[in-house]
Amino acid sequence: MTEIEIGRAKRARRAFAFDDVAIVPSRRTRDPEEVSIDWQIDAYRFELPILAAPMDSVMSPATAIEFGRFGGLGVLNLEGLWTRYEDPEPLLEEVSGLRGAEATARMQEIYTEPVRGELIVERLREVREAGVTVAGSLSPQRTREFAKTVVDAGVDMFVIRGTTVSAEHVSSQAEPLNLKEFIYELDVPVVVGGCATHQAALHLMRTGAAGVLVGFGGGAAHTTRTVLGVAVPMASAVADVAAARRDYLDESGGRYVHVIADGSIGKSGDIAKAIACGADAVMVGSPLARATDAPGRGFHWGGEAHHSDLPRGERVQFETVGTLEEILFGPSRVADGTMNLVGALKRAMATTGYSELKEFQRVEVVVAG
């Protein structure tokens, strides 16, 4: 790939965001009703290639159950308010009423309450008893402490999610998590990330992960780009990691690792573009935070927003547009891509003549503008 000279001492390659690319129609079209967007990872099959992000503003046990019944995978944040408090509803109400600069400081206070193992067990039990696939997420820093609790509680899929996760974390202060040994010892499929480069993704795939999350610093509630200066435009990141998936498939003799785009997906068109760039599925937060029945009550934030030392996120307010069901399946009352996400993805595939997600990954894209 051609590099650009930033200055005499530094060169860089050009990278593209979802807004920079567009999907090209083909010679064939088909009816949206003939399109299948089923997706399978390990032994679990889903009607929607969408994972709900493990964020307190998006997923509670109740919304994880509802999302699962709709055919997606709701991932619970196992370090969130639901595993720190018996009843977090009054705190969620308080967070929605905070104004301006007080929000970060108060959220830091609220999240100082320790995570309780018995609440992790209770929340996962609620989801499991509803009969949907159970998924929970921990940060790399908390994985060693609570992983056994999570697996013993009957989780179906385990997500290790951080701003950036590597297979070669170096620390002189504490023993780092050996992802390869850890994943090998677990009896459940593990999804791990984020990452944004071919090499980092390849190393994560070699740990035995069932899927890798692509992206960091790109979410609506993240300020990682501003605070740390770290970000990779998502269209290029997804395409690079999809190339790592192909290379690892050859290297491993046929082991397929799923690529899940996690960041900069705010509208229905971004979902289609993520899959067109090579993703198998997407993890979304902000589109679901717009639901009238979302726990955040119109506000959206992630774990970075209340980091005790260096907050790298903010509490974002959205205009709610409809119920979770309406956001997923319509009918849409707006023309901005915030409702009927599933219908839009099916129509994008039908317009370009594709009937399966794996086929749609081969659709032609162009750099727009």
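Is phenylalanine 329 buried, partly exposed or exposed? With a relative accessible area of 32%, phenylalanine 329 is partly exposed, because that class lies between the limits of 20% and 50%. Please bear in mind throughout that we are looking at a predicted model.

Let me stay with this residue for a moment. Phenylalanine 329 pairs with phenylalanine 70 in an edge-to-face arrangement, at 5.7 Å centre to centre and with 75 degrees between the planes. Phenylalanine 70 sits in the loop between α1 (61–69) and β7, whereas phenylalanine 329 belongs to helix α12 (residues 324–329), so the pair ties together parts that are 259 residues apart in sequence. Phenylalanine 70, for its part, is buried, at a relative accessible area of 16%. The count of aromatic pairs comes to four. Another of them joins tyrosine 354 and phenylalanine 360, again edge-to-face, with 5.9 Å between centres and 65 degrees between planes. Both tyrosine 354 and phenylalanine 360 are buried.

I turn now to the overall picture. The protein has 369 residues, of which 52% are buried. Its secondary structure comprises 14 helices and 16 strands. Of the contacts between residues at least 6 apart in sequence, 66% join residues at least 24 apart. The exposed surface amounts to about 16,500 Å², and carbon and sulfur atoms supply 47% of that area.

Next, the barrel. Eight strands close into it with parallel pairing, in the order β6-β7-β8-β9-β10-β11-β12-β13. From one strand to the next, the twist averages 25 degrees. To take one pairing, strand β7 (residues 73–77) runs parallel to strand β8 (residues 135–138), and three bridges join them. Asparagine 77 stands opposite serine 137 of β8.

Two helices deserve attention. In helix α9 (residues 234–251) we find aspartate 240. Aspartate 240 counts as buried because its relative accessibility is 18%, under the 20% limit. Its side chain makes a polar contact with the side chain of arginine 13, at 2.4 Å. Leaving aside residues up to four places away in sequence, aspartate 240 touches Arg13 and His198.

Helix α10 (residues 268–276) is mostly covered, with eight of its nine residues buried. Among the buried residues are Ser268, Asp270 and Lys273, together with Ile271 and Ile275. After α10 comes glycine 278, which has a positive phi, near 125 degrees.

To close, I return to the opening residue: phenylalanine 329 is partly exposed, while its ring partner, phenylalanine 70, is buried.

Note on methods: Residues numbered from 1 in each chain as written. Predicted model: local features only at pLDDT ≥ 70, side-chain atom pairs only at ≥ 80, totals over all residues. Heavy atoms only, no water. Helix = DSSP H or I, 4+ residues; strand = E, 2+ residues; numbered from the N terminus. Buried < 20%, exposed > 50% of the residue type's maximum accessible area, 1.4 Å probe, protein only. Contact = heavy atoms within 4.5 Å. Areas by Shrake-Rupley, 256 points an atom, 1.4 Å probe, with all protein chains shown as cover. Polar contact = N/O pair within 3.5 Å; in protein donor to acceptor, adjacent residues only side chain to side chain. Pairing = 2+ DSSP bridges. Axes fitted to C-alpha atoms, helices over the stretch in contact; angles between N-to-C directions. Phe/Tyr/Trp six-rings, centres within 6.5 Å; stacked < 30°, edge-to-face > 60°.
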